[in-house]
Amino acid sequence: MPRALFVTIGQSPRSDLLPEIREWLGGRIDIEERGALDGLGAGDIATMAPGAADHRLVTRLADGSEVVLRKDLVHARLQTVFDAVAAENFLCTVLLCTGHFPPFRIRGLFLEAQSIVDESVGAIARHARSIGLMVPLKEQIDEFHFRPGAGQTLKASYASPYTPGRLAEASSELADTDVIVMHCMGYTEAMRQTVASVSKRPVLLARRLVAAAVAQLA
């Protein structure tokens with residue numbers, strides 16, 4: 001069975017994420033996990049907290065808690081992970097984060113969730129008049145990289161997948177758009193169903209789009 005490496009910006013194992021992806025892949029690919037924060041203690045992780053002017057990412061630790069990180073420091077930690085596995089033979093390496101990063105040095109086939117999601121949304125929602133964007137943090141709305149096509153409008157809201165409580169409210173705020181994109185790998189299929197139920201709109205889930213892309217390689 002081919003092996004694929006799935007890398008999260010948080011800590012592995014991701015019991016909230018990989019079981020769904022494994023199910024969608026139907027057992028055709030053997031998945032190995034790594035995390036950018038694997039092996040780091042609370043003190044080390046605390047030094048990666050963003051300042052007011054820093055771009056930020058949100059992820060999950062092994063204990064299930066949420067953590068917000070400086071994007072540039074995450075990039076450096078990810079490169080360390082990729083360097084450590086450079087000699088291993090994987091079918092592909094998949095970065096489980098929809099944030100935009102500068103290029104990495106990496107060997108072999110590399111699938112970035114951000115590229116897969118943005119390109120998929122661009123194709124699926126090409127003729128939509130308005131796109132609803134859901135991200136984890138309010139601060140990420142102004143930092144976000146996705147841009148709608150000509151003649152389209154983009155409306156954004158926020159709800160963390162790791163801190164429940166705002167999902168229904170964000171869904172209602174985006175209910176007047178043509179299609180909603182849950183633009184974080186932390187959002188689950190159950191959350192997608194909640195957003196669809198509340199908003200009455202079609203909803204695209206980042207992890208489903210990524211799993212569908214990886215499935216083409218099996």
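I131 has its bridge partner in strand 9, and that partner is V179. The model is predicted. The link between these two residues belongs to a wider contact. Strand 7 covers residues 130–135, and strand 9 covers residues 179–182. The two strands run parallel, joined by 4 bridges.

Now step back to the sheet. Strands 7 and 9 sit in an open sheet of 4 strands, in the order 8-7-9-10. Its pairing is parallel. Strand 8 (153–158) and strand 10 (203–205) form the edges, and each pairs on one side only. On average, neighbouring strands of this sheet are turned by 20° against each other, direction ignored.

Next comes helix 8, residues 206–215. Is this helix enclosed or open? Being buried means having under 20% relative accessible area. In helix 8, 7 of the 10 residues are buried, so the helix is largely enclosed by the rest of the structure. Those buried residues are A206, R207, L209, V210, A211, V214 and A215.

Finally, look for empty space inside. The structure holds 1 cavity of 30 Å³ or more. The volume of the largest cavity is about 250 Å³. Its lining is made of 23 residues. Nearest its centre lie L57, C97, T98, G99 and Q140. Two elements each give two or more residues to this lining: strand 3 (56–60) and helix 5 (140–143). Strand 3 supplies the largest share, 4 residues. What kinds of residues form the lining of the largest cavity? They divide into 11 nonpolar, 8 polar and 4 charged.

Note on methods: Residues numbered from 1 in each chain as written. Predicted model: local features only at pLDDT ≥ 70, side-chain atom pairs only at ≥ 80, totals over all residues. Heavy atoms only, no water. Pairing = 2+ DSSP bridges. Axes fitted to C-alpha atoms, helices over the stretch in contact; angles between N-to-C directions. Buried < 20%, exposed > 50% of the residue type's maximum accessible area, 1.4 Å probe, protein only. 1 Å grid on protein atoms, 1.4 Å probe; cavity = no way out; pocket = protein on both sides within 12 Å on 5 of 7 lines; lining within 4 Å. Points joined across faces, edges and corners; volume = space filled by probe spheres on them. Nonpolar A, V, L, I, M, F, W, Y, C, P; charged D, E, K, R; others polar.
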